[in-house]
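Welcome, and thanks for taking a look. Here is a short briefing on cavities and ligand surroundings.

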Amino acid sequence: MNQVTVKTSANTISETELKEWLRSIGQPEYRCAQIRSWIFKNFAVSPDEMKNVPVELRAKLSEKFSFCRTSEIKSDKSADGTEKLLLKLHDGECVESVIIPSPDRFTFCLSTQVGCPVGCYFCASGSGGLIRNLDVSEILDELFICCRKIGGVPDNIVFMGTGEPLMNYSNLVAAMNIMGGSGYMGISPRRITVSTSGFVPGIIRLADEKKPWNLAVSIHAPTDKVRAALIPLKHRYPIKEICDACRYYFSNTGRIVTFEYTLVKDINDSPSHALELATIAHGCGAKVNLIPLNPIGNPAFSRPEKQIITKFESILRSKKIPVTVRVEKGDNINAACGQLRVSHHGKQVGAVKDPVKNHRVHRDENAVKGKK
Ligand code: SAH
Ligand code: SF4
């Protein structure tokens with residue numbers, strides 16, 4: 001029987017592991033720093049790029065470790081510079097990552113799962129359910145591919161791509177630790193934002209890590225009744241429990257939580273919803289990020305008119321809630337959550353009718369401006 005050797009991914013390897021391996025093959029210790037610099041500072045996707053490493057050692061690295069197993073199969077750049085990448089994983093599944101430039105910084109929006117188990121009614125990502133989790137190295141592959149595009153590390157990373165990050169907890173946290181670790185990429189945890197649909201056990205677990213990662217919670221409604229029109233029961237937690245978890249998160253990390261609120265016409269966009277939202281945001285010390293819906297083809301879910309959005313925003317402001325409205329970027333690309341993947345597979349999953357016409361980029365204004 002053929003034995004399959006599972007190689008360790010080069011982008012997850014620790015300094016100690018690499019040193020030990022180098023010693024075991026009779027290589028000097030200084031090679032460790034060289035190799036790690038190629039991986040974590042130059043985002044090398046193959047040992048062939050490691051010009052100051054001898055060819056024989058590069059061959060051994062290839063034998064021992066797997067390098068980037070993810071490849072870019074499509075890239076759409078909008079007029080404003082937003083670039084959406086469709087990435088193919090080693091098993092043929094696809095995920096999306098988005099590079100969002102602003103005048104003085106870059107934000108990367110990364111995915112954590114192929115598909116999503118939560119299945120919010122207005123979101124293309126969840127329309128086909130969960131296919132699988134990304135492993136640590138796949139999450140890092142996304143990051144490395146984006147880093148290679150801009151020639152450096154981003155200013156901010158938001159986990160607002162496909163998937164419920166907190167339902168792929170250990171891989172997410174391991175990837176964030178590698179992004180943040182000083183011996184690795186050195187990206188400050190304060191510049192990394194995890195967005196969750198309100199998965200309470202995950203919020204509590206993340207709070208217990210006591211790391212200053214930013215937390216964005218997709219609250220979307222001020223009452224459980226209204227929330228039920230947007231998020232299926234299976235993974236929906238009561239607002240009261242979510243708020244308790246947010247307060248716990250703040251008390252453990254000192255990070256102000258952001259409520260993401262996708263505004264959907266005639267469902268959650270009335271002045272009374274805004275007032276109720278102000279009350280719960282106040283109770284959690286939360287900021288609010290309003291996201292005007294990008295329709296995915298279901299006529300039951302459409303975007304409110306501009307004046308309704310402005311009114312909603314001004315009510316929150318009048319109640320002293322810090323509020324931003326997500327800026328639309330990527331107008332001429334297929335930039336909505338999960339839509340590029342759906343259109344690539346050529347399937348009309350769920351309610352998506354014309355993915356090419358639906359655009360949304362996961363831009364978190366606060367994260368982009370580094371204010372979190
Ligand atoms: N699963 C996580 C993170 C990914 S979704 C979460 O739900 O928070 C990131 C954000 O995009 C969420 O706030 C989500 O509600 C929002 N979103 C998804 N589809 C959308 C759409 N069609 N229009 C507007 N916002 C959408
Ligand atoms: Fe999943 Fe988030 Fe989309 Fe809901 S909004 S289906 S949780 S990716």
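How far is an oxygen atom of ligand 1 from an N or O atom in the side chain of Thr 262? The separation is 3.5 Å, which just meets the limit for a polar contact (a pair of N or O atoms within 3.5 Å). Please keep in mind that this is a predicted model, where local features need pLDDT of at least 70, side-chain atom pairs count only at pLDDT 80 or more, and totals for chains, interfaces and linings use all residues. Residues are numbered from 1 along each chain as its sequence is written, chains are lettered from A and ligands numbered from 1 in the order in which they are written, and side-chain values use heavy atoms, with hydrogens and water left out.

**Ligand 1**

- Two serines also make polar contacts: a polar side-chain atom of Ser 195 is 2.6 Å from an oxygen atom of the ligand, and for an N or O atom in the side chain of Ser 218 the distance to a ligand oxygen is 2.6 Å.
- On its own, ligand 1 has 520 Å² of accessible area (Shrake-Rupley method, 1.4 Å probe), and the protein covers 96% of that.
- Strand 10 (192-196) and strand 12 (258-263) each give two or more residues to the shell; strands here are DSSP E runs of at least two residues.
- The shell holds 19 residues (a heavy atom within 4 Å), with Gly 163, Ser 195, Ser 218, His 220 and Asn 294 the closest.
- By class, 7 are nonpolar, 9 polar and 3 charged, with Gly counted as polar and Cys as nonpolar.

**Ligand 2**

- Around ligand 2 are residues including Cys 116, Cys 120, Cys 123 and Gly 163.
- This shell has 4 nonpolar and 5 polar residues, and no charged ones.

**Second largest cavity**

- There are 2 cavities of 30 Å³ or more, a cavity being a set of points on a 1 Å grid where a 1.4 Å probe fits but cannot get out.
- The second largest has a volume of about 80 Å³, and its lining (an atom within 4 Å of a point) includes Ser 9, Phe 67, Arg 69 and Asp 141.
- Helix 4 (residues 136-150) gives the largest share of that lining, 3 residues; helices are DSSP H or I runs of at least four residues.

Conventions
1 Å grid on protein atoms, 1.4 Å probe; cavity = no way out; pocket = protein on both sides within 12 Å on 5 of 7 lines; lining within 4 Å. Points joined across faces, edges and corners; volume = space filled by probe spheres on them. Polar contact = N/O pair within 3.5 Å; in protein donor to acceptor, adjacent residues only side chain to side chain.
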